[in-house]
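Let's take a walk through a protein model together. We'll look at charged side chains that pair up, and then at a spot picked out by a database record.

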Amino acid sequence: MLLHIVARGRIGRGPEAELVERYVKRLAWPFKMTELPDTGGKMPPVEPGTRVVMLDETGQVLPSRDLAAKLEKWRDGGVREARFLIGAADGFDDAQRAEADVLLSFGRATWPHLLARAMLAEQLYRATSILANHPYHREG
């Protein structure tokens, strides 16, 4: 199953980009990153067999194991792509939220978009590591 991050804004070079790259390089699953301008730009078409996850402050706060279980269920159920959307500064409107399969939150704090991208990359790596029984994930 393809893990696809579609993010508004360009990450450019810097510590956030390096952090994203650090986790993306470790992914054993197919991965794609699509960057769109802050406004406009064309969203890649959503093909059949795609699940859409929007990062949104109103979303569910999922523990890492729960995110891993969701990815496992989708993968084993024949889902071809899990698409993770990171919006622009104003996030998503109600109509866009209604189209998502999952609204995912990294807590109620407001996170800079570049940091949210790094956090998402890390959580995808962590989830796939959990599913591979890799020792990266540790629980207290």
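Let's start with arginine 10, which has a relative accessibility of 55% and so counts as exposed (exposed means over 50% relative accessible area, buried under 20%, and partly exposed in between, using a 1.4 Å probe and protein chains only). Before going on, keep in mind that this is a predicted model, where local features need pLDDT of at least 70 and side-chain atom pairs count only at pLDDT 80 or more, while totals for chains, interfaces and linings use all residues. Residues are numbered from 1 along each chain as its sequence is written, and side-chain values use heavy atoms, with hydrogens and water left out.

So what does arginine 10 pair up with? Its salt-bridge partner is glutamate 35, with 4.0 Å between the closest N and O atoms (a salt bridge is a side-chain nitrogen of Lys or Arg within 4 Å of a carboxyl oxygen of Asp or Glu). The two sit 25 residues apart: glutamate 35 is in strand β2 (residues 31–36), and arginine 10 is in the loop between β1 (2–8) and α1 (15–26). Those names come from DSSP runs numbered from the N terminus, with helices (H or I) of at least four residues and strands (E) of at least two.

Glutamate 35 is partly exposed, at 25% relative accessibility. It also forms a salt bridge with arginine 117, and here the closest N and O atoms are 2.6 Å apart. Arginine 117 belongs to helix α4 (residues 113–131), so this pair ties strand β2 to a part of the chain 82 residues away in sequence. Arginine 117 is buried, at just 1% relative accessibility. Put together, Arg10, Glu35 and Arg117 make a network of salt bridges. In the whole structure, a search finds 7 salt bridges.

Now for the record. An unreviewed UniProt entry marks Leu55 and Gly87 as "binding site"; positions follow the numbering used here, feature names are shortened, and annotations may be inferred rather than shown by experiment. The two span 33 residues in sequence, yet their C-alpha atoms are no more than 7.5 Å apart, so they gather at one spot.

Leucine 55 lies in strand β3 (residues 50–60) and is buried, at 13%. Glycine 87 is in the loop between β4 (81–86) and α3 (94–99), and is buried too, at 6%. Leaving out residues up to four places away in sequence, glycine 87 touches Arg8, Phe92 and His113, where contact means heavy atoms within 4.5 Å. On the same basis, leucine 55 touches several residues, including Phe92 and Leu104.
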